[in-house]
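Work through the exercises below with the model open. Try each task before reading its solution.

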Amino acid sequence: MANIGGITDVPAGSENSVKYQDLARFAVQDFNQKQNALLEFVKVLGVKQQEVAGMMYYITLEAIDGGKKKTYETKIWEKEWEKFKEVQEFKLVGDAPGS
């Protein structure tokens, strides 16, 4: 049973689902528009979620910035029934592993 209000990991392997890939791409596009940047989404590295008024997703992702792979963390609030999606936070964590 989910811990209401608590942050939980999504089931192993599901971080590569279309839903999380789409949310990560949405966050990268939002960042690019707001910061006039040219990040290129690569892949999702991990996902946590928190039940709020809707769902808060905490996604760790890899993107290319200026030819270098970097790791970012984003927080996305989604209320599917309202067709609402908003990036709450998007930040650089550091260089991607192995780059």
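**Exercise 1: The β4–β5 hairpin**

Tyr72 stands opposite Leu92 in β5. This is a predicted model, in which local features need pLDDT of at least 70, side-chain atom pairs count only at pLDDT 80 or more, and totals for chains, interfaces and linings use all residues. Residues are numbered from 1 along each chain as its sequence is written, and side-chain values use heavy atoms, with hydrogens and water left out.

Task: describe how β4 and β5 are joined.

Solution.
- Step 1. Fix the terms. Helices (H or I, at least four residues) and strands (E, at least two) are DSSP runs, numbered from the N terminus. Two strands pair if DSSP finds at least two bridges between them.
- Step 2. Take the pairing. β4 and β5 run antiparallel, joined by 10 bridges.
- Step 3. Inspect the turn. The two strands form a hairpin with 4 residues between them. Lys83 in that turn has a positive phi of about 55°.

**Exercise 2: Salt bridges across the hairpin**

Task: find which residues form salt bridges with Lys70 and with Glu73, and state how accessible each partner is.

Solution.
- Step 1. Apply the cut-off. A salt bridge is a side-chain nitrogen of Lys or Arg within 4 Å of a carboxyl oxygen of Asp or Glu. The whole structure holds 9 salt bridges.
- Step 2. Start with Lys70. Its partner is Asp95, with the closest N and O atoms 3.7 Å apart. Asp95 is in strand β5 and Lys70 in strand β4, 25 residues apart, so the pair links distant parts of the chain.
- Step 3. Grade this pair. Buried means under 20% relative accessible area, exposed over 50%, partly exposed in between (1.4 Å probe, protein chains only). Asp95 is exposed at 54%. Lys70 is buried at 17%.
- Step 4. Go on to Glu73. Lys91 is its partner, with the closest N and O atoms 3.9 Å apart. Lys91 lies in strand β5 and Glu73 in strand β4, so the salt bridge ties together parts that are 18 residues apart in sequence.
- Step 5. Grade this pair too. Lys91 is partly exposed at 40%. Glu73 is partly exposed at 31%.

**Exercise 3: From helix to loop**

Task: which part of the chain does Lys19 link to the loop between β4 and β5?

Solution.
- Step 1. Find the contact. The side chains of Glu80 and Lys19 meet in a salt bridge at 3.6 Å, N to O.
- Step 2. Place both ends. Glu80 is in the loop between β4 (68–79) and β5 (84–95). Lys19 is in helix α1 (residues 18–35), and the two are 61 residues apart.
- Step 3. Check accessibility. Glu80 is exposed at 52%. Lys19 is partly exposed at 30%.
- Step 4. Extend the pair. Salt bridges that share partners join Lys19, Glu78 and Glu80 into one network.

**Exercise 4: Helix α1**

Task: compare the span of α1 with the expected value, then find what its buried residues pack against.

Solution.
- Step 1. Recall the rule. The expected span of a helix is 1.5 Å times one less than its number of residues.
- Step 2. Compare. α1 has 18 residues and reaches 25 Å from its first C-alpha to its last, close to the 26 Å expected.
- Step 3. List buried positions. Among them are Tyr20, Leu23, Ala27 and Val28.
- Step 4. Find the packing. The buried residues of α1 pack against β2 (40–52), β3 (54–65), β4 and β5.
- Step 5. Take one residue. Gln21 lies in α1 and is buried at 14%. Leaving out residues up to four places away in sequence, Gln21 touches Glu15, Asn16, Phe41 and Val44 (contact means heavy atoms within 4.5 Å).
- Step 6. Look past the end. Asn36 follows α1, with a positive phi near 50°.

**Exercise 5: Rings and charges**

Task: classify the pair formed by Trp77 and Phe84.

Solution.
- Step 1. Set the limits. Rings of Phe, Tyr and Trp (its six-membered ring) pair if their centres lie within 6.5 Å; planes under 30 degrees apart count as stacked, over 60 as edge-to-face and the rest as tilted. The whole structure has 4 aromatic pairs.
- Step 2. Classify. The centres of Trp77 and Phe84 are 5.0 Å apart and the planes are at 75°, so the pair is edge-to-face.
- Step 3. Add accessibility. Trp77 is partly exposed at 22%, and Phe84 is partly exposed at 24%.
- Step 4. Add the cluster. Ring pairs link Phe31, Tyr72 and Phe90.
- Step 5. Add the charge. The charged end of Lys79 sits over the ring of Phe84, 4.9 Å from its centre (cut-offs: NZ of Lys or CZ of Arg within 6 Å of the ring centre and within 35 degrees of the ring normal).
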